[in-house]
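Hi,

Here is the structure I said I would pass on. Have a look at it first, and my notes follow underneath.

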Amino acid sequence: MAAPSPSSDAWWKEGTAYQIYPASFKDSNGDGLGDIAGILSKVDYLKELGIDIVWVSPMFESPQIDMGYDISNYEAVHAPYGTIEDMQALIDACHACGMRLILDLVINHTSAEHAWFKESRSSKDNPKRDWYIWKPPRDAENGTRLPPTNWRSYFSGSTWEWDEHTQEYYLHLFAKEMPDLNWENDEARQAIYDSAMRFWLDKGVDGFRIDCVNMYSKRVGFQDAPVVNPDVFEQPAWSEYANGPRMHEFLREMNNTVLNKYDTLTVGELPHTPDPRHVLKYVGAADKQLSMVFQFDIVDIGQGASDKYRFEEWKLPQLKATVAKWQQFIEGTDGWTTAFCENHDQGRSVSRFASDAPEHRVHSAKLLALMLASLTGTLFIYQGQEIGMINVPPEWSIDDEYKDIESVNFYHTAQKLADEKFAGDAEAIRREMDYVKRSIQILGRDNARTPMQWDASNKSAGFTDKPEGAWMRTHDLYPEINVAKQQDDPNSVLGFWKSMLHFRKAHADLFIYGNFRLYEPDNEKTFVFAKTTTKTTTGSGEGVSDTKQAAVIVLNFTGEDQTVDLPPADEFGALQFHVGNYTDTATAEDAGRQVKLRPWEGRLYLSSVATAVKS
Ligand code: GLC
Ligand code: CA
């Protein structure tokens, strides 16, 4: 895509975003839980890292069944995190140093403790009854009461919860404490726009990461999902509730009635959407719906097809094809994309996509940084990624250390199923549960939720002063992986991220807006890609000329030496080494056509001469 002329969308296209998980970022008052004042104390840190957009995960009032994604009041702050005034101070502090701040917009569901739901469940004729999704039971004969559909919720079990008081079921795609709002109800939608959106936009918030953005419009026929696992009643049902018939209409309405009145960024969380043409409908600029989305293919790598926590081995060509697909799908269109590989719902990228072995993890973290910083789209980093935090150790017990409702429920449900299925066969049960545990250890959300490792001043990595420690166990390796240790070291993971973020912006045409080209898609060991851009200049008298620029990025995704071929000279001319994740290579070294890469080594070359093509 040609470099755009400066326009109002440049801030959210070129800005680097950083996601903060409030519970685990920084505790300011010694209660063991992160808070808004803690975030405020780190605004300078973020600025110095090179961040432009701060995304704060839910800090709203919440019973915390799902770490704040269960909101009981959009217009209040979870008291242990602080107050509305603290949030205002944070918004203002970000703005004062030239950063923007976006919030999570969680409007597929509320908490069951939200006043709206309390009213809705109070009686069948309450005015807010229809703000949520209520259905009578199916087949109530023979004393068996069946839920309206066989849909499985994300957190195990049915999506339907029986309400004794009004003798109906309500829908919850997540926990039973998180009822789904009924977007078919006009009044409910207007209330959402007011309470969850305008309230914060008027305080200066610059946009939203929109939770479950494609789930508001359900297929209202409420039919059973296809049976993929005959052993159980509940079945994966995203075919029935994701990307429903009114989804695009709702997003257009949200823009026309709310977002258009402000200068905002929206990034939608978009699972279950593999078709690029479909994704383009959400992110095309002309049809104002969303600025961009997180398409899920990259973070789904290794997840089981129908059960997330049944890990499946994967090979590098899958990662490469995934990156290529979601880089290229906007080329020649007015759509926009994102570059990311971590968030609060994912295992750590070093552990998942590279190597967290002690001898490899620093190079691995920098290798992934080199890859991400070269990708087109808005770049998102998740807290701790910038220092190369890794997954929790395999010894941690699910029962004692894991906090996440999703993994804990899955583990217990799997245990029950294994006990039934392999009744009496202790060895088979143990094998099954070892596999489930290993899957959770690789993919579990808690990996991303351990306290941020600031320093080695205490056993909580400087995250909290509470003598008993943080709300969740601190990663055992904090003495080696922490901010203080890396802060002044340009060769650290943190130092490397800082320089890469700077470098990315200095070559925005190439890295933020460039076209992506993949080489050797089937090679299982190395990842070679080019970013290219063509600049059109109108010369004096000679008419228009195009200048082609290129970067070539070569990444060794193994723990052994590998040799890669650079693209032939007639493609980009001579290539010069510019930056790499090993510190001993001289820059501006002419590459030749073949490069030997050491374990997890990555290098970036720039075409030394811009190739001018007269037209
Ligand atoms: C999104 C969030 C996740 C949460 C879920 C329900 O997937 O990222 O953390 O559990 O929505 O709100
Ligand atoms: Ca606190």
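The side chain of Asn482 reaches the backbone nitrogen of Ala484 at 3.2 Å. A polar atom of that Asn482 side chain also lies 3.4 Å from the backbone oxygen of Pro479. Bear in mind that this is a predicted model, so please read the distances here as computed from it.

Where does Asn482 sit? It is in the loop between α17 (426–443) and α18 (483–486). Despite being in a loop, Asn482 counts as buried, at 2% relative accessibility. Leaving out residues up to four places away in sequence, Asn482 touches Ile387, Gln453, Trp454, Asp455 and Ala456.

Next, the ligands, which may be what you want for your setup. Ligand 1 is surrounded by 14 residues, and the closest are Asp66, Asp211, Glu269, His344 and Asp345. I noted these polar side-chain distances to oxygen atoms of ligand 1:

- Asp345: a polar side-chain atom at 2.4 Å
- Arg209: a side-chain N or O atom at 2.9 Å
- Arg445: a polar side-chain atom at 3.0 Å

Ligand 2 is a calcium ion. Which protein atoms are its donors? They are Asp27 (OD), Asn29 (OD1), Asp31 (OD), Leu33 (O) and Asp35 (OD), lying 2.2 to 2.3 Å from the ion. Along the sequence, the donor residues are spaced D-x1-N-x1-D-x1-L-x1-D. Two of these donors have accessibility values you may want: Asp31 is partly exposed, with a relative accessible area of 32%, whereas Leu33 is buried at 17%.

Now the fold around the sheet. There is an open sheet of eight strands, in the order β11-β10-β9-β5-β2-β1-β13-β12, with parallel pairing. Why do β11 (292–295) and β12 (338–339) count as edges? Each has a single partner strand, so one side of each is left without a neighbour in the sheet.

Further in, β1 (residues 16–20) and β2 (residues 53–56) pair in the parallel sense over four bridges. If you want a residue pair to look at there, the bridge partner of Gln19 is Trp55 in β2. Helix α19 (residues 493–506) lies across β1 and β13 (378–382), and α19 runs at about 170 degrees to β13.

That's what I have for now. Shout if you'd like to go through any of it together.

Cheers

Key. Residues are numbered from 1 along each chain as its sequence is written. Chains are lettered from A and ligands numbered from 1 in the order in which they are written. This is a predicted model: local features need pLDDT of at least 70, side-chain atom pairs count only at pLDDT 80 or more; totals for chains, interfaces and linings use all residues. Side-chain values use heavy atoms; hydrogens and water are left out. Helices (H or I, at least four residues) and strands (E, at least two) are DSSP runs, numbered from the N terminus. Buried means under 20% relative accessible area, exposed over 50%, partly exposed in between (1.4 Å probe, protein chains only). A polar contact is a pair of N or O atoms within 3.5 Å; within protein, one must be able to donate a hydrogen and the other to accept it, and residues adjacent in sequence count only if both atoms are side-chain atoms. Contact means heavy atoms within 4.5 Å. Donors are N, O and S atoms within 2.8 Å of the metal (3.2 Å for Na, K and Ca); water is not among the atoms, so sites may look incomplete. Two strands pair if DSSP finds at least two bridges between them. Axes are lines fitted to C-alpha atoms, for helices over the stretch in contact, and angles run from 0 to 180 degrees between N-to-C directions. A residue is near a molecule or strand if one of its heavy atoms lies within 4 Å of it.
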